[in-house]
Amino acid sequence: MDDFHHTMNLSLFNPRWTALAVLAVSLSSPPVPAAEAAPTIDQRVAALEAYVRNSDPGTSLTGVPGPGHNGWMMTASALVLFMTLPGLALFYGGLVRRKNVLSVLAQCLGLAGLVSILWWVFGYSFVFGTSFGSGFLGGREFLFFEGVTSAPNTHYAHWVSHNVFAIYQLMFAIITPALIVGAIAERLKFSALLLFMTLWMLVVYFPLAHMIWGATGWMNGVWNPAAAVKAIDFAGGTVVHMSSGWSALILCLIVGPRIGFGREKMAPHSMVLCMVGTAMLWVGWYGFNAGSALAADGIAANAFTTTTIAAAVACFTWGMIEKIFRGNASILGFCSGVVAGLVVVTPAAGFITTTGAVIIGVLAGTVPYFFITKIKARFGYDDALDTFGIHAVGGTLGAFLTGLLATGAVNGNLAAGAGLTNGLAGLVTAGGLWHEQLKAIAITLLLSVLATAVIGTILKHTIGLRPIPENERQGLDLTEHGEEGYID
Amino acid sequence: MKLIIAIIKPFKLEEVKDALANIGVEGMTVTEVKGFGRQKGHTEIYRGSEYTVDFLPKIKIEIAVNDELVSKTVEAVVKAAKTGKIGDGKVFVLLLNDVIRIRTDERGDAAI
């Protein structure tokens, strides 16, 4: 297996890349399995049982991916990509004016490409490597995907191919900056967006994702026995939604409101596209949440169930609040409820019961609603598509509620392994987990806000963030991308 | 000859067309238009943002008729397009100087 991959890599690489590959190989030589006696029948049966239980196979089957696990994780990866392309692109695209619809699609596509390259070069290594031995940044052993082969990386999953795991995590890295697009829609230069996001991934996302999910992560309560902050985040409440949402608020303040904000009509140009995108987000979110179990096991089944219930309850709650207080249940209301429900349940999905999911659904349908319709109007910031109102408010709410609702009854990992060493298990049983969650919330919030303020301000005073007013008026589709969304 | 311009609610178009066909009107031109009168516009709310939409969609029908058909035509349009609620629209009757049928070069009443 290993030989095959090395041969393939070398034959594909031109001399320049070969030099890079050799350099990377020298940084981390793959472990050579020692010659051992053939496994006994007991060991072989135990390995198969471990496959079903998603645990360590022991001697037999080590280094072999599980076909079922890989099947599900490749499907889940595609589902998470589907959330961005075209789910989020259409959700956001429908909400902007027709002269800017393509700019949103271009931003989502551009980020999918850009982040994938960053991920291959150093992003994955910085998040999921361990060679730095740091709680804040991973390592350099997986630079250029070196050693990221079809054999599982047992730090994270015994049965999922390392390359599948890396691509699955890439999809999270793609959607997170794409979420920020909503706050600054209709008024950012494409070049400024790409540069901002490159720096933001480096300073905010990669370190934060390592802190929460990396094997040596500083805030990885479930898997790092030495975690200082015993926080839990099942699928990205802090890493994905809080980080993007809070950064979105700061960036939209630095960029400033759209020309004509508050005076001109800026209604969505297509609620149909918006609804189609929302439905795709919901479907894709099964890959996001249930996939985060990294197996098609009982934890995934629980996450699948709680995700459905939270999204449905929040959808209905938001719609009914509008119906009661405003007279009409709007499509945008239902869509907002769906997304808010999914956001809030994200950090909790694999840790809570269905009762917890209903509580989350009700709060997700009310708290962000209140922020978007009341608080936002009061402060007058132009968070164009409500990235802050839904992702920051929802993500923060979810991270906190996870501390109250998580239970070892649905997820044995909370009361075993690393959690016994670092104290998480005790917190889950005794009820002090929300303290740790608050710490994680504060750190995520501070990092996102400060880093975005610095990067945004620097770019504003160097390359400039906005197009010239004439171009903004004419629409970014024509002026930034040379195309029109709709030809009459 | 008169040119009759009627601005009506879009969903009334079929009824008006049938009513006109019944009294012998043989042609008309229909356009989708936007505008407002006393009805004014409406309000749309998207999350926290409220927008007033001034111009509402309407249908404009243009009909050229001989003098003897004018009152019957106006009557038919008004009857078919009426809902009794604000926003039903208006009918304008204009003097028509001449009409030319392009295919035959006929002029005046014969061309209608």
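This report walks through a predicted model with two chains, A and B.

**The two chains side by side**

Let's start with chain A. Its secondary structure comes to 18 helices and 0 strands. Chain B has a mix instead, with 2 helices and 6 strands. Reading chain B from the N terminus on, the elements go β-α-β-β-β-β-α-β.

Here are some overall values for each chain.

| Property | Chain A | Chain B |
|---|---|---|
| Box filled by C-alpha atoms, along the principal axes | chain A: roughly 80 × 55 × 40 Å | chain B: roughly 60 × 25 × 20 Å |
| Buried residues | chain A: 55% of 488 residues | chain B: 17% of 112 residues |
| Contacts joining residues at least 24 apart, among those between residues at least 6 apart in sequence | chain A: 75% | chain B: 70% |

How does the radius of gyration of chain A sit with that of a compact globule? With 488 residues, such a globule would come out near 23 Å, and chain A has 23 Å, so the two agree. Chain B is another story: a compact globule of 112 residues would be near 13 Å, but chain B has 17 Å.

**A closer look at chain A**

One helix to pick out is α3 of chain A, which covers residues 41-53. At 1.5 Å a residue, its 13 residues should span 18 Å, and the end C-alpha atoms are indeed 18 Å apart, so the helix agrees with expectation. As a general point, an α-helix has 3.6 residues a turn, so residues three or four places apart point the same way. Right after α3(A) comes A:N54, and its phi is positive, near 60°.

Now for the inside. The largest nonpolar core holds 159 residues, and the members touching the most others are A:Y92, A:I175, A:A183, A:A310, A:V344 and A:A348. Take A:A348 as an example. Leaving out residues up to four places away in sequence, A:A348 touches A:F234, A:G356, A:I360, A:G398, A:L401, A:T402, A:L405 and A:A406. There is also a second, separate core of 14 residues, and among its members are B:A6, B:I61, B:I63 and B:A81.

**The sheet in chain B**

What order do the strands of the open sheet in chain B take? The 4 strands line up as β2-β5-β1-β6, with antiparallel pairing. At the edges sit β2 (29-35) and β6 (89-95) of chain B, each of which pairs on one side only. Ignoring direction, neighbouring strands of this sheet are turned by 20° against each other on average.

Strand β1 of chain B (residues 2-8) is joined to β6(B) by 7 bridges, and these two strands run antiparallel. In that region, B:I7 stands opposite B:K90 in β6(B). Helix α1 of chain B (residues 13-22) packs on the sheet, where it touches β1, β2 and β5 (56-65) of chain B. The direction of α1 makes about 10° with that of β5(B).

**After the last strand of chain B**

One residue to finish with is B:R103, found in the segment after β6 of chain B. Is B:R103 buried or exposed? It counts as exposed, because B:R103 has 7 C-beta neighbours inside 10 Å, and the cut-off for exposed is 12 or fewer. B:R103 and B:I23 are 80 residues apart in sequence, and their C-alpha atoms are 25 Å apart in space.

Definitions and conventions. Residues numbered from 1 in each chain as written. Chains lettered and ligands numbered in written order. Predicted model: local features only at pLDDT ≥ 70, side-chain atom pairs only at ≥ 80, totals over all residues. Expected span 1.5 Å × (residues − 1). Rg over C-alpha atoms; globule rule 2.2 N^0.38 Å. Buried ≥ 20, exposed ≤ 12 C-beta atoms within 10 Å, placed from the backbone. Contact = placed C-beta atoms within 7 Å. Pairing = 2+ DSSP bridges. Axes fitted to C-alpha atoms, helices over the stretch in contact; angles between N-to-C directions. Core = buried A, V, L, I, M, F, W, Y, C linked by C-beta atoms within 7 Å.
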